[in-house]
Amino acid sequence: MIQVMETKLRINLILFELEFNITRILNELRVLLKFNLLFLPAIAACYAATGYVVWNQLSANAEQEVMETARLMLETARAMRTYTTTQVAPLLDQEQAKVARSIQNMEQALDVQMPAVLNKAMPPGHPTAQEQKVWQTARQQLANSVHPRNNDASQPQFFPQSIPFYAATEAFNYFREKFPDFSYKEAALNPTNPRDRTADWEADVVNYFRDNPAKAEFVGRRDTPSGSSLYLSTPVRVDSESCLSCHGPANKAPPEIVKLYGTGNGFGWQLNDVAGAQIVSVPADVAHNRAASAMKTLSIWLAGIFAGLYLIVNAIVFVFISRLVPPQEAQ
């Protein structure tokens, strides 16, 4: 039997001596290298697959988070609409009624009571024609100076703050101070205010709710010149007779609204119809950036975990190889 040449390394320390069989170690490393030719691509593939799954989940979670924020904003806008309809509008109507009664009482005082008082105040006897003319002229000038008929205060005033569309839109503008990426619109096919008219894609959303009356929400994505955009929408239904007081037949609408907006738009609505949609839009980059930020952190952690796993497995395999692979011998 011929012994194969072996290279050994001895290290003499103060208390003990270490000996390394370089030839055996190289043989074991060759076996470990063959193992890594399979293991390294496998662990790289696992890392890539894990990253792909995690990225998809993070993207879905980020979009869901953005939609939940949009949903909260829609609920707040809907609450603002209800508050305006049930509390603000009746309060303004009461104030308008009080003003109208005050003006009516003033007119009665000016037209009936004041002439009677002035007639009593005329000098006794039979005034001359010149005195009567001067007295009547003074009385007429006094009446004209305080009479409310030609005063703007005598006319019913229109307050857009009492309109749910206007109130919800204005309230949302305060949200945008903290959430500048979100935008809100109450889009209607036939609005009174031109700013609320639907764009082409918004009209498709409204018609979707008209064709699917059971649907209470619609989530979609659309392409814009600045990139992809996500949107969440809910229908605006004519569910109250109070809506028809302003949006019913034009000849029955409040004169102040007709004076401000004319009779060409915003009238002829029908009870229980879908008149428009509440739409919250947000750029898709908002969700993408949130997912990318989370993915950056997770990628570092995953890389560390897989690197540690790679080293641990290699150490275990090397120990097993050193026990299972005998020294090379030749006959």
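This section describes a four-stranded sheet, the helices that pack on it, and two individual residues in a predicted model.

The four strands are arranged in the order β3-β6-β5-β4 and form an open sheet with antiparallel pairing. Its edges are β3 (183-188) and β4 (218-224), each of which pairs on one side only. On average, neighbouring strands are turned by 30° against each other, with direction ignored. Between β5 and the antiparallel strand β6 (residues 274-283) there are nine bridges. Arg 237 has Val 274 in β6 as its bridge partner.

Two helices are placed against these strands. Helix α3 (residues 164-175) lies across β3, β5 and β6, and its direction is at about 170° to that of β3. Helix α4 (residues 200-211) packs on the sheet and touches β3, β4, β5 and β6, at about 130° to the direction of β6. The end C-alpha atoms of α4 are 16 Å apart, in agreement with the 16 Å that its twelve residues should span at 1.5 Å a residue.

The buried residues of α4 are Glu 202, Ala 203, Val 205, Val 206 and Phe 209. Because they cover an arc of only 155° around the axis, they are on the same side of α4. An α-helix has 3.6 residues a turn, so residues three or four places apart point the same way. The cover over the buried residues of α4 includes β3, β4, β5 and β6. Asp 200, Asp 204 and Asp 211, on the other side of the helix, are exposed.

Within the sheet, Thr 234 belongs to strand β5 (residues 227-237). Its relative accessible area is 4%, which is under the 20% cut-off, and Thr 234 is therefore classed as buried. Residues up to four places away in sequence aside, Thr 234 touches Leu 74, Arg 78, Phe 209, Ala 216, Glu 217, Ala 277 and Gln 278. One of these, Phe 209, is also among the buried residues of α4. The side chains of Thr 234 and Arg 78 are joined by a polar contact of 3.0 Å.

Phe 35 is located in helix α1 (residues 22-121). Its relative accessibility of 28% falls between the cut-offs of 20% and 50%, so Phe 35 counts as partly exposed. With neighbours within four places in sequence left aside, Phe 35 is in contact with Val 313 and Val 317. The C-alpha atoms of Phe 35 and Asn 314 are separated by 8.8 Å, although the two residues are 279 residues apart along the chain.

Key
Residues numbered from 1 in each chain as written. Predicted model: local features only at pLDDT ≥ 70, side-chain atom pairs only at ≥ 80, totals over all residues. Heavy atoms only, no water. Buried < 20%, exposed > 50% of the residue type's maximum accessible area, 1.4 Å probe, protein only. Polar contact = N/O pair within 3.5 Å; in protein donor to acceptor, adjacent residues only side chain to side chain. Contact = heavy atoms within 4.5 Å. Pairing = 2+ DSSP bridges. Axes fitted to C-alpha atoms, helices over the stretch in contact; angles between N-to-C directions. Expected span 1.5 Å × (residues − 1). Arc of directions from axis to C-beta.
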